[in-house]
Amino acid sequence: CEKGAEWQAALALLSAMGQAAVEFDTISYSAAISACEKGAHWRRALAVFCALRDSRCPIDAISYNAVLQAVHPYATGKFLFV
């Protein structure tokens with residue numbers, strides 16, 4: 001999903017994992033964030049990052065890098081993180 005910028009498929013898979021009671025991990029969230037970034041959907045990438053932050057999964061450098069790549073082109077002069 002990530003490499004093809006198939007953000008819709010990535011988000012659908014993340015949702016299906018939740019419905020199937022499959023535990024998310026940092027990799028799942030990071031892949032979805034990256035797919036959103038590749039599809040130029042920074043708001044969705046940020047929403048997935050917030051879900052990662054609220055989960056019990058650790059946030060790693062890959063997760064931070066993915067969300068920063070997603071929001072950076074659109075963040076000029078704005079505060080995204082509070």
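## Reading a four-helix chain

Me: How much accessible surface does the protein chain have, and what share belongs to carbon and sulfur atoms?
Reply: Treat the accessible surface as a total, then split it by atom type. Here the total is about 5400 Å². Carbon and sulfur atoms hold 58% of that. Keep in mind that this is a predicted model.

Me: What percentage of the residues count as buried?
Reply: Take the whole chain as the base. It has 82 residues, and 30% count as buried.

Me: How many helices and strands are there?
Reply: Count the elements, then read their order. The chain has four helices and zero strands. Along the sequence that gives α-α-α-α.

Me: What share of the contacts joins residues at least 24 apart?
Reply: Start from contacts between residues at least 6 apart in sequence. Of these, 57% join residues at least 24 apart.

Me: Why look for a nonpolar core?
Reply: In soluble globular proteins, nonpolar side chains tend to be buried together. In this model the largest such core has 18 residues. Those with the most contacts inside it are Y29, I33, A45, V48, F49, L52 and V67. Four elements give two or more residues each: α1 (7-19), α2, α3 (42-54) and α4 (61-71). The largest share, six residues, comes from α3.

Me: Which residues does I33 touch, beyond those up to four places away in sequence?
Reply: Take one core residue and list its partners. I33 touches A45, V48, F49, A66 and V67.

Me: Where is T26 found, and is T26 buried or exposed?
Reply: Place the residue first, then check its accessibility. T26 is found in helix α2, which covers residues 26-38. Its relative accessibility is 10%, so T26 counts as buried, the cut-off being under 20%.

Me: What does the side chain of T26 reach?
Reply: Look for a polar partner, then for the other contacts. The T26 side chain reaches the backbone oxygen of P58 at 2.6 Å. Leaving aside neighbours within four places in sequence, T26 is in contact with L52, C57, P58, D60 and S63.

Me: How many salt bridges does a search of the whole structure find?
Reply: Check the charged side chains pair by pair. The search finds two. One joins E37 and K38, at 3.1 Å from N to O. The other joins R53 and D54, at 3.3 Å from N to O.

Me: How exposed are K38, R53 and D54?
Reply: Read each residue against the cut-offs. K38 has 42% relative accessibility and counts as partly exposed. R53 has 49% and also counts as partly exposed. D54 has a relative accessible area of 60%, so D54 is exposed, the cut-off being over 50%.

Me: How many disulfides does the count come to?
Reply: Test the sulfur pairs, then look at the cysteines themselves. The count comes to zero disulfides. C36 is buried, at 0% relative accessibility. C50 is partly exposed, at 25%.

Me: Where does Y74 lie, and which residues is Y74 in contact with, leaving aside neighbours within four places in sequence?
Reply: Read the segment, then the partners. Y74 lies in the segment after α4. Y74 is in contact with A40 and W42. The C-alpha atoms of Y74 and A40 are separated by 9.6 Å, while the two residues are 34 apart along the chain. With a relative accessible area of 36%, Y74 is partly exposed.

How values were computed:
Residues are numbered from 1 along each chain as its sequence is written. This is a predicted model: local features need pLDDT of at least 70, side-chain atom pairs count only at pLDDT 80 or more; totals for chains, interfaces and linings use all residues. Side-chain values use heavy atoms; hydrogens and water are left out. Buried means under 20% relative accessible area, exposed over 50%, partly exposed in between (1.4 Å probe, protein chains only). Contact means heavy atoms within 4.5 Å. Accessible areas come from the Shrake-Rupley method with a 1.4 Å probe; for residues, only the protein chains shown count as cover. A salt bridge is a side-chain nitrogen of Lys or Arg within 4 Å of a carboxyl oxygen of Asp or Glu. A polar contact is a pair of N or O atoms within 3.5 Å; within protein, one must be able to donate a hydrogen and the other to accept it, and residues adjacent in sequence count only if both atoms are side-chain atoms. A nonpolar core is a set of buried Ala, Val, Leu, Ile, Met, Phe, Trp, Tyr and Cys residues joined through side-chain atoms within 4.5 Å. A disulfide is a pair of cysteine sulfur atoms within 2.5 Å.
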